[in-house]
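Subject: Handover of a structure and its description

Dear colleague,

Please find below the structure that I am handing over to you. I would be grateful if you read the description with the model open beside it.

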Amino acid sequence: MSELQEARWYVAHTYSGHENKVKATIEKAVKTRGMEDYIKQVVVPTEDVVETTKTGKEKTRQRKIFPGYVLVKMIITDESWYVVRNTKGVTGFVGPGSKPVPLSDDEVLAMGIELTEPKIGNSNIDLEIGDAVEVSNGPFAGQVGTVEAIDVETKEVKVCIDAFGKKTLFVVESDSIEKL
């Protein structure tokens with residue numbers, strides 16, 4: 001199977017609040033249909049925001065940069081278009097009518113997305129936000145927690161565990177945890 005064209009970034013519009021679920025569903029469909037050659041990557045752009053709580057403590061949380069949108073790097077074919085378009089939570093592609101329009105390289109760079117990110121098929125992070133995980137090594141080995149954030153580029157996962165009688169958020173390498 002030869003690649004006729006280069007994969008480009010497209011923007012899929014989703015129901016607000018469903019971005020991560022749509023991302024996970026598309027990635028699962030890509031694996032089950034064997035479409036890694038056509039749908040390369042799915043991204044929900046986020047940024048870390050420091051907020052001050054009522055008690056005066058600073059808390060860092062991830063905020064979606066483009067709520068209601070998921071970025072998909074793919075080669076448009078009838079089947080790849082169908083997979084993304086018919087994913088539950090996707091309302092359509094950004095573009096005139098029903099024809100998706102790819103982002104230019106300048107637009108992709110302006111969004112802060114690396115142009116050479118890993119493929120879905122090569123990513124060994126098979127986690128979703130909210131998954132229950134067990135820490136397999138390090139100071140919190142044996143602890144069970146919840147995935148709060150995933151950074152595919154650095155392969156780091158933010159996990160919230162119950163430590164010392166309160167919820168504690170810490171960053172761990174993705175290969176140091178196991179999905180339950």
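The description below goes from the whole chain to its two sheets, and then to a pocket and two single residues.

**The chain as a whole**

Please bear in mind that this is a predicted model. The chain has 180 residues, and 35% of them count as buried. Its secondary structure consists of three helices and 11 strands. Along the sequence these elements follow one another in the pattern β-α-β-β-β-β-α-β-α-β-β-β-β-β. The accessible surface amounts to about 11000 Å², and carbon and sulfur atoms hold 49% of it. Among the contacts in the chain with a separation of 6 or more, 58% are between residues 24 or more positions apart.

**The sheet of four strands**

One open sheet is built from four strands in the order 2-5-1-6, with antiparallel pairing. Strand 2 (39-43) and strand 6 (90-93) stand at its edges. Each of these two has a single partner strand, so one side of each is left without a neighbour in the sheet. From one strand to the next, the twist averages 30°.

As an example of the pairing, strand 1 (residues 8-14) and strand 6 run antiparallel and are joined by three bridges. Within this pair, T14 stands opposite V90 in strand 6. Helix 1 packs on the sheet and touches strand 1, strand 2, strand 5 and strand 6. The direction of helix 1 makes about 165° with that of strand 2. Helix 2 also lies across strand 1, strand 2, strand 5 and strand 6, and runs at about 140° to strand 6.

**The sheet of five strands**

A further open sheet holds five strands in the order 10-9-8-7-11, and its pairing is antiparallel. Which strands stand at the edges, each with a single partner strand? They are strand 10 (166-173) and strand 11 (177-179), so one side of each has no neighbour in the sheet. Neighbouring strands here are turned by 40° against each other on average, direction ignored.

A general point helps in reading such a sheet: strands pair through backbone hydrogen bonds, either parallel or antiparallel. Strand 8 (residues 144-151) and strand 9 (residues 156-163) form an antiparallel pair over six bridges. Here A149 has K158 in strand 9 as its bridge partner.

Strand 7 (residues 132-135) deserves a separate look. Three bridges join strand 7 to strand 8 in the antiparallel sense, and strand 7 also pairs with strand 11, again antiparallel, over three bridges. V133 takes part in both pairings: its bridge partner in strand 8 is G145, and its bridge partner in strand 11 is K179. In a regular strand the side chains alternate between the two faces of the sheet. In strand 7, V133 and V135 form the covered face, while A132 and E134 form the uncovered one.

**The second largest pocket**

The second largest pocket encloses about 440 Å³ of space. Its lining consists of 14 residues, and E58, K59, T60, K167 and L169 lie nearest its centre. Strand 4 (58-64), strand 8 and strand 10 each supply at least two residues of this lining. The largest share comes from strand 4, with five residues.

**Two single residues**

Is K23 buried or exposed? This residue lies in helix 1 (residues 19-33). Its relative accessibility is 18%, and because buried means under 20%, K23 counts as buried. Apart from its neighbours within four places in sequence, K23 is in contact with V42, V43 and V44.

T77 sits in the loop between strand 5 (69-74) and helix 2 (78-85). With a relative accessible area of 25%, T77 is partly exposed, because this value falls between the 20% limit for buried and the 50% limit for exposed. T77 and I39 are 38 residues apart along the chain, and their C-alpha atoms are separated by 9.8 Å.

I suggest that you find the two sheets in the model and then turn to the pocket and the single residues.

With kind regards

How values were computed:
Residues numbered from 1 in each chain as written. Predicted model: local features only at pLDDT ≥ 70, side-chain atom pairs only at ≥ 80, totals over all residues. Heavy atoms only, no water. Pairing = 2+ DSSP bridges. Axes fitted to C-alpha atoms, helices over the stretch in contact; angles between N-to-C directions. Buried < 20%, exposed > 50% of the residue type's maximum accessible area, 1.4 Å probe, protein only. Contact = heavy atoms within 4.5 Å. Areas by Shrake-Rupley, 256 points an atom, 1.4 Å probe, with all protein chains shown as cover. 1 Å grid on protein atoms, 1.4 Å probe; cavity = no way out; pocket = protein on both sides within 12 Å on 5 of 7 lines; lining within 4 Å. Points joined across faces, edges and corners; volume = space filled by probe spheres on them.
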